[in-house]
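Please open the model in the viewer and display it as a cartoon, with side chains hidden for now. The tour proceeds by successive selections.

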Amino acid sequence: MAGAMLGGSRTRLLRLISTASAAASTKPSSSALINNLLLLRGFGSTSTDCVEGRLNDATLFTLSIGKQHSSLLARRGSGVRGILTSASSSSNVEQLRGAREQVKEIINKYHCNPILVRLAWHDAGTYDKNVIEWPKCGGANGSIRFSPELNHAANAGLQNALRLLEPVKEKFPHVSFADLFQLASATAVELAGGPKIPMRYGRLDTSGPEDCAKEGKLPAAGPPNPAEHIRVVFYRMGFNDKEIVALSGAHTLGRSRPERSGWGVASTKYTKDGPGSPGGQSWTAQWLKFDNSYFKDIKEKRDKDLLVLPTDAMLFEDPSFKVYAEKYVESQDAFFEDYAKAHSKLSELGSKFQPSEGLFIDGDAT
Ligand code: HEM
């Protein structure tokens, strides 16, 4: 993203071109470049797109084509049809529990924890606390499934996460999309060894592309003044400095891919063999394990194979953020405790629940 806002097709196109021409070290494959260009034109992803886990082209085909409900993704950029457009009134407990079991199987099979966390964060992170009206306020309302929002530059690659969840939605149609995305994320964190996230369900779905968030609501990774930028964006969502640092710790999971975000390198010693589709640059060595190594690694910057975005680095440069970042280096327990609360709050940003008190599937949510 090279300092650009996570938004703007034009910006992304320029970035893709410059990424491609800078090829010496990063070398995005031509198919990935084509995929991104297709995505820019609203065709969603092609069967050769990078997919988390071990999905191959055939699996992808089975998942997304040849069903009555047709594709999960926009094929012509004008909006999605079929399974994705069916707004659920809300969820029910039995179906939520069933969905969670199926999500666990998918995660164990495809090692897709990181992209599921990112999907839920990007659905929720459009929230503006100053807008009262739902769903104009944005947030965890399932709107990311519609092509106007899915095609935002910041969401590059997330069509793969939707594909992974498609069979779950098909089997448990009474789980709303908004719930499914948040359920998958909380489950992904927990299965990776992270804290149990207190969750409630019953989120209502937005019903059409007209409810999509405007582009540019999510944070940029390399803005001129990272700390100021991050505060503007996260304060708009209602978070404080402690919560910002805790949530940033989610980068203990996953990788950045130049062909998606423009950040990171094509492959490192930690990512060249997967698991999942190989490549990208991770923040931590064990990027499928949720622990506090993110804070240790970005503080030390000891290994050029590990990624440190400008917005990661500033956590140890800004005096207020630094207090929490240092605390999380010292204590994984403190990180887990603060992360679980912040993640839970993130998962409910802008959500409208039915019933209004929400549904609880463990009986232990707060
Ligand atoms: C502080 C502001 C943030 C910025 C600037 C940022 C930026 C990025 C970027 C550039 C990527 C790489 C995407 C790609 O190339 O595929 C990424 C990935 C990721 N982000 Fe963030 N992010 C931020 C906050 C968060 C938060 C709050 C969460 C969750 C609570 C999160 C979770 C993730 C995860 C799990 C990945 C890995 C995805 C994968 O491996 O597919 N990020 N982020």
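Select helix α5, residues 93-110, in this predicted model. At 1.5 Å a residue, its 18 residues should span 26 Å, and the end C-alpha atoms are indeed 26 Å apart, so expectation and model agree.

Next, show the side chains of Gln95, Leu96, Ala99, Arg100, Val103, Ile106, Ile107 and Tyr110, which are the buried residues of α5. They cover an arc of only 140° around the axis and therefore lie on the same side of α5. To see what they pack against, add α6, α8 (159-171) and α9 (177-191) to the selection.

Turn to the face of α5 directed away from this buried side: the exposed residues Glu94, Glu101, Glu105, Asn108 and Lys109 are found there. Then step just beyond α5 to histidine 111, where phi is positive, at about 55°.

From here, move to the ligand and select its surroundings, a shell of 24 residues. Pro114, Ala250, Gly254, Ser256 and Ser261 are the closest. Which helix supplies the largest share of this shell? It is α6, with 5 residues. Colour α6 (113-124), α11 (241-248) and β1 (255-256), as each of these elements supplies at least two residues of the shell.

Colouring by residue class divides the shell into 13 nonpolar, 7 polar and 4 charged residues. Finally, colour by domain: domain 1 (9-219) and domain 2 (226-343) each contribute at least three residues to the shell around the ligand.

Technical notes: Residues numbered from 1 in each chain as written. Predicted model: local features only at pLDDT ≥ 70, side-chain atom pairs only at ≥ 80, totals over all residues. Near = placed C-beta within 6 Å. Helix = DSSP H or I, 4+ residues; strand = E, 2+ residues; numbered from the N terminus. Nonpolar A, V, L, I, M, F, W, Y, C, P; charged D, E, K, R; others polar. Domains from an automatic or database assignment. Expected span 1.5 Å × (residues − 1). Buried ≥ 20, exposed ≤ 12 C-beta atoms within 10 Å, placed from the backbone. Arc of directions from axis to C-beta. Contact = placed C-beta atoms within 7 Å.
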